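Hi everyone, thanks for making time. I'd like to walk you through a structure you probably haven't met yet, so let's put it up on the screen.

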Amino acid sequence: MDSGMNTSSHLKAQARCPLQRSYLPKKTSKENWDRFIPNRSAMDFDYAHYALTEGRNEKDQATKVSTSPSREAYRKQLAETMNLNRSRILAFRNKPQAPVGSLHKLHSVSWLDQQPKPLKPRRYIPQTWERMLDVPDIGDNFYLNLLDWGSANVLAIALDHTVYLWDASTGSASELMSVDEEKGPVTSINWALDGCNLAVGLDNSEVQIWDCVTKRKLRTLKGGHQERVGSLAWNSHILTTGGMDGKVINNDVRARSHVVQSYRGHTLEVCGLKWSGSGQYLASGGNDNVVHVWDRSSSTQWLHRLEEHTSAVKALAWCPFQTNLLATGGGDGDRMIKFWNTSTGACLNSVETGSQVCSLIWSKNERELLSSHGFTENQLTLWKYPSMVKMAELTGHTSRVLYMAQSPDGCTVASAAADETLRFWNVFGVPDKAKKAAVKAVPVPFSNVTRIR
Amino acid sequence: MASKTAAAKDIITLHGSAAIVSEFFCYAANSILYNRAVYPEESFVKVKKYGLPMLLIEDESVKSFMSNLTSQISEWLEAGKLQRVVLVIMSKATGEVLERWNFRIETDDEVVEKGVSREKCDKEIMREIQAIMRQVASSVTYLPCLDETCVFDVLAYTDTDVAVPFTWVESDPKLIANPQMVKLHGFDTKIHKVDTLVSYKNDEWDEEE
């Protein structure tokens, strides 16, 4: 998977037309001639013919995605690795009952009746952002989580000491709150499932809970952590907080003594925290390169400790269409996306991406995964799952894309980077065609730059 | 599918061959479950197939599992994407893999791409399958006893570009460390060639002798 793009500056040209580069068959690379003389016996004419004609066809069709050359290159690589007899191992989801009357833990039965879907026509993925907003003072800290999009269709973003709200249906921005100097900058924000309560984690280890409808602070959680709270995750009335001290704490926000449970296992900052869709499992990723999966019903011992990443794991995402599938992304020294079966703890797949993975989002409508990256391209990559073919690479940010959030209707993704811009991409579909028509199409003209402050 | 021609050979199409192989797999799996006592004897019922008394399990959940399996295998075979099917027997308590029945499948690509058909005598295919079934039944003599309650699972090795239906998940290969392997007979429909191999965990008792 050769998207290793950490060499030179004319890489963009290469990325646009890799077909010309990768067409040179590897077998002749040893011969150092300045004129390319093909070695006919070593060439694969069938594939060459396919590659040439397919490329031409795709340029004619206007509806095809313009990043198809990079996809073709990837497809070629995939075909090569397939010759090495790499096959995919599948097991049937709904296991039969165990003998002697005792019941196995069956996987979700609801998927059983579904037939494999017929191939849909490929949709058009816009290559440029829908809208861009200025977000000054956002800072460049990898370990924080400063962006979240709530179910009431309001986006919250923390800029230094202040939290702003942006209503996606009206396009209006407002300031929610600002903390004092001593309490430090805001280090994490997370919407509760109802879309009106917002948890705000601070540098001084406190967590504030705000009601965003009335713009009032409801509560401050103190005493749980000793250092900054870099990650938050809600699970109905439980707010899980992850701190620089490596602790993961479950707080019951209704109770006076809010600390319900404390998970120990991370030795460095907990930068990624996500509850599974069922609310039964919690995935935590830390600066110690370890991912832990915690079971809500068990005590403080972790269910799985996944140590395969070689860099901080901030990007975590539970798959919405396949239970117990977790995707994790490694930081600068690792650059891999790994897939895990959390019922067994097995690593199902490891994909090299060539750039630090800052965050991951699964599509709610299709079987796709979106990852955001840093140096050098600062791109958002859309992968088809499970083949992990790149469907699109969205560039535009000029600095690493640290934060991503998905709209409640599942069609749009907002990305914020250290270049102080917040961009919106309709990568998962067009809002008009969304099945859940909760969001109306924003009536602002295309590529309008508006300020939040 | 099979038409009586003047010669003894019958015409076999891709569809027919896929049906033969997936049906074979269903009966072979049932036979393995019976012979290895994964499920109690009472839950099986006798039917006549391949000229032998074959046993099929009655349990609804296993039956539906098998039928989903065979239809999906049949589909993959017709697309030429299936490389092998593995029936894994694991201990229920520890989840350790005790036995692995490996059915390797070689597909004639020309048939998949061009849709030609082949000729082979139906009876001969039946004979070959019969031989395999007999071997499976007799395997109980050398395979180690499965004393504890066991469960089974089926893994499918497919090409990487296959579209995975909702009902299938990715899995690890569930291999056995240091297995003993026994190669059984295979059969060939001229379109699909199936080889059978059983690998099992070394029984410590036998080693001590």
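Let me start with a quick one: are Arg423(A) and Asp419(A) buried or exposed? Have a look while I say what we've got here. This is a predicted model, so please keep that in mind throughout.

Okay, the answer: Arg423(A) is buried, and Asp419(A) is buried too. These two residues also form a salt bridge, with the closest N and O atoms 3.5 Å apart. As a general point, side chains of opposite charge can pair when their charged atoms come close.

Let's step back to the whole of chain A. We have 453 residues there, and 53% of them count as buried. Look at the secondary structure: four helices and 30 strands. The accessible surface of chain A is about 21100 Å², and carbon and sulfur atoms hold 51% of that. If you take contacts in chain A between residues at least 6 apart in sequence, 48% of them join residues at least 24 apart.

Now a word on annotation. UniProt, in an unreviewed entry, places "repeat: WD" at residues 179-220, 263-295 and 394-427 of chain A. I looked at two of those stretches. Residues 263-295 of chain A are 0% helix and 55% strand, and the C-alpha atoms at the two ends are 10 Å apart. For residues 394-427 of chain A it's 0% helix and 41% strand, with the end C-alpha atoms 9 Å apart.

Let's zoom in on one residue, Asn289(A). Where is Asn289(A) found? It's in the loop between strand 16 (281-286) and strand 17 (291-295) of chain A. Its relative accessible area is 23%, and because buried means under 20%, Asn289(A) comes out as partly exposed. What does the side chain of Asn289(A) reach? One partner is the backbone nitrogen of Ala312(A), at 3.3 Å. Another is Thr310(A), whose backbone oxygen lies 3.4 Å from a polar atom of the Asn289(A) side chain. Leaving aside residues up to four places away in sequence, Asn289(A) also touches others, including Leu306(A), Glu307(A) and His309(A). And for a sense of distance, the C-alpha atoms of Asn289(A) and Val270(A) are 9.9 Å apart, with their positions 19 residues apart along the chain.

Glu307(A) is worth a second look. Its side chain meets that of Arg305(A) in a salt bridge, 3.1 Å from N to O. Here Glu307(A) counts as exposed, at 52% relative accessibility, while Arg305(A) is partly exposed at 32%.

On to chain B. Of its 209 residues, 50% are buried, and the secondary structure is five helices and eleven strands. Residues 24 or more positions apart make up 71% of the chain B contacts with a separation of 6 or more. The accessible surface here is about 9800 Å², with 51% belonging to carbon and sulfur atoms.

So what sits inside? The largest nonpolar core has 58 residues, and the ones touching the most other members are Phe24(B), Leu69(B), Trp101(B), Met133(B), Phe152(B) and Phe187(B). Helix 1 (residues 14-35) of chain B gives this core its largest share, twelve residues. Take Trp101(B): beyond its neighbours up to four places away in sequence, it touches residues including Ile32(B), Val85(B), Leu143(B) and Val198(B). Apart from that core there's another one, of 39 residues, with Trp166(A) and Cys358(A) among them.

Next, Thr196(B), which you'll find in strand 11 (residues 192-201) of chain B. Is Thr196(B) buried or exposed? Buried, with a relative accessible area of 1%. Its side chain reaches the backbone oxygen of His185(B) at 3.2 Å. Among the residues Thr196(B) touches, not counting those up to four places away in sequence, are Asn102(B), Phe103(B) and Ile132(B).

Last topic: charges in chain B. The side chains of Arg118(B) and Glu110(B) meet in a salt bridge, 3.3 Å from N to O, and Glu110(B) is partly exposed at 37%. There's also a network: Arg104(B), Glu106(B), Lys183(B), Lys193(B) and Asp195(B) are joined by salt bridges that share partners. Over all chains, the structure holds 20 salt bridges.

That's my tour, thanks for listening.

Note on methods. Residues are numbered from 1 along each chain as its sequence is written. Chains are lettered from A and ligands numbered from 1 in the order in which they are written. This is a predicted model: local features need pLDDT of at least 70, side-chain atom pairs count only at pLDDT 80 or more; totals for chains, interfaces and linings use all residues. Side-chain values use heavy atoms; hydrogens and water are left out. Buried means under 20% relative accessible area, exposed over 50%, partly exposed in between (1.4 Å probe, protein chains only). Contact means heavy atoms within 4.5 Å. Accessible areas come from the Shrake-Rupley method with a 1.4 Å probe; for residues, only the protein chains shown count as cover. A salt bridge is a side-chain nitrogen of Lys or Arg within 4 Å of a carboxyl oxygen of Asp or Glu. A polar contact is a pair of N or O atoms within 3.5 Å; within protein, one must be able to donate a hydrogen and the other to accept it, and residues adjacent in sequence count only if both atoms are side-chain atoms. A nonpolar core is a set of buried Ala, Val, Leu, Ile, Met, Phe, Trp, Tyr and Cys residues joined through side-chain atoms within 4.5 Å. UniProt positions are given in the numbering used here, feature names are shortened, and annotations may be inferred rather than shown by experiment.
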